Amino acid sequence: MAHALRLAERGLCTTQPNPRVGCVIAQGAEVVGTGFHQRAGEPHAEVYALREAGERARGATAYVTLEPCAHHGRTPPCADALVAAGVKRVAIAAEDPFPQVDGRGMSLLRAAGITVDAGLMREAARELNIGFFSRIERSRPWVRVKLAMSLDGRTALASGESKWITGEAARADVQRWRARSSAILSGSGTVLADDPRLTVRLPEGEAFAPPLRVILDRQLRTPAGSHVLDGSVPTLLLHGAAASAADERFARVERIALAMSGDALDLRAVLALLAGRGCNEVQVEAGPTLCGALFAVGLADELLLYVAPLLLGDSARPLLHLPTLDDMARRWRLQVIDQRMLGQDIRLRLRPN
């Protein structure tokens with residue numbers, strides 16, 4: 001199963017909106033077939049593994065990181081393929097909560113006389129597809145907030161200048177997190193201050209599915225000529241119903257009016273919209289206001305924090321704008337999931353407790 005999970009990870013940046021899945025077929029201790037899902041619309045992991053195994057799949061055990069599908073989508077049911085191949089046993093890491101599967105794959109296999117065991121390395125399989133499970137089970141994507149700060153907790157000078165707080169290794173790492181995301185979310189304030197491209201830049205030859213670029217622009221303030229309006233990648237601009245624009249600034253992007261929550265766009269409505277479009281993981285790259293708002297309402301699932309060994313001083317901009325606390329018992333607690341050095345910078349992955 002560990003081998004199957006490593007195979008599944010090879011689809012980390014290419015399977016959107018589908019989950020990353022790997023399969024290993026073994027006769028005893030001998031591996032006779034392997035495969036992983038590569039892209040939506042293409043064969044699933046089980047199909048590749050069965051093709052490689054051929055007749056040796058008969059009587060074998062299939063190790064699959066996610067419950068085999070039992071419905072006709074863009075490809076035929078994998079459960080049927082396993083039955084037809086004559087496998088004797090199927091070990092599944094995690095059950096698939098997708099409504100058209102959700103236990104049906106296991107039931108179909110058992111009805112055909114195949115032994116089915118579920119739960120081997122379940123948590124690792126769910127972690128690999130954390131956004132897929134979030135979208136199906138919670139009806140919203142997994143929200144990862146990316147921030148970079150100095151040792152004194154500052155993200156930019158008072159003037160807004162922030163290039164570059166971190167070094168090249170940290171910036172290259174950000175690109176890989178972007179590449180695995182379904183969408184990159186930012187706000188009009190960040191667009192006005194930095195004019196970011198919010199695109200993925202990986203070494204030549206590394207495959208990825210370009211994430212959707214999403215801009216929250218309540219009043220349609222994004223200026224003409226901004227990189228996010230260039231049409232180079234699919235872009236969605238979300239604004240308030242009262243905002244309108246008579247010019248051609250937004251000709252190359254899709255615009256949708258959303259409900260408001262107070263004087264800001266309703267963040268839950270934003271995430272529900274993105275879930276409806278098949279977004280699994282959303283990476284937020286924005287300023288302290290939007291990032292702080294996501295934390296304040298409990299919609300930030302993970303913080304990807306890069307800490308640089310430098311100081312910016314008291315007048316520099318803070319990491320997050322959060323409500324004032326009058327009691328230490330109400331403080332936001334975070335659990336460190338991972339920490340590592342990237343050049344001279346530290347990368348922390350943290351999740352709310």
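Which residue in S14 does Arg144 stand opposite? Select both strands to find out. Arg144 faces Gln283 in S14.

This is a predicted model: local features need pLDDT of at least 70, side-chain atom pairs count only at pLDDT 80 or more, and totals for chains, interfaces and linings use all residues. Residues are numbered from 1 along each chain as its sequence is written, and side-chain values use heavy atoms, without hydrogens or water.

**Stop 1: strand S6.** Select residues 142–149. Strands are DSSP runs of E, at least two residues, numbered from the N terminus. Eight of the eight residues in S6 are buried (under 20% relative accessible area, 1.4 Å probe, protein chains only). Colour one side: Trp142, Arg144, Lys146 and Ala148. Then colour the other: Val143, Val145, Leu147 and Met149. Both faces are covered.

**Stop 2: the partners.** Strands pair if DSSP finds at least two bridges between them. Add S14, residues 281–284; its pairing with S6 is parallel, over four bridges. Now add S15, residues 302–307, which runs parallel to S6 and is joined to S6 by six bridges. Met149 stands opposite Val307 in S15.

**Stop 3: Ser150.** Step into the loop between S6 and S7 (154–156). Ser150 has a relative accessible area of 0%, so it counts as buried. Show its contacts (heavy atoms within 4.5 Å). Leaving aside neighbours within four places in sequence, they include Ile165, Val307 and Leu310.

**Stop 4: Leu325.** Go to the loop between S16 (317–318) and S17 (334–342). Leu325 is partly exposed because its relative accessibility is 31%; partly exposed lies between under 20% and over 50%.
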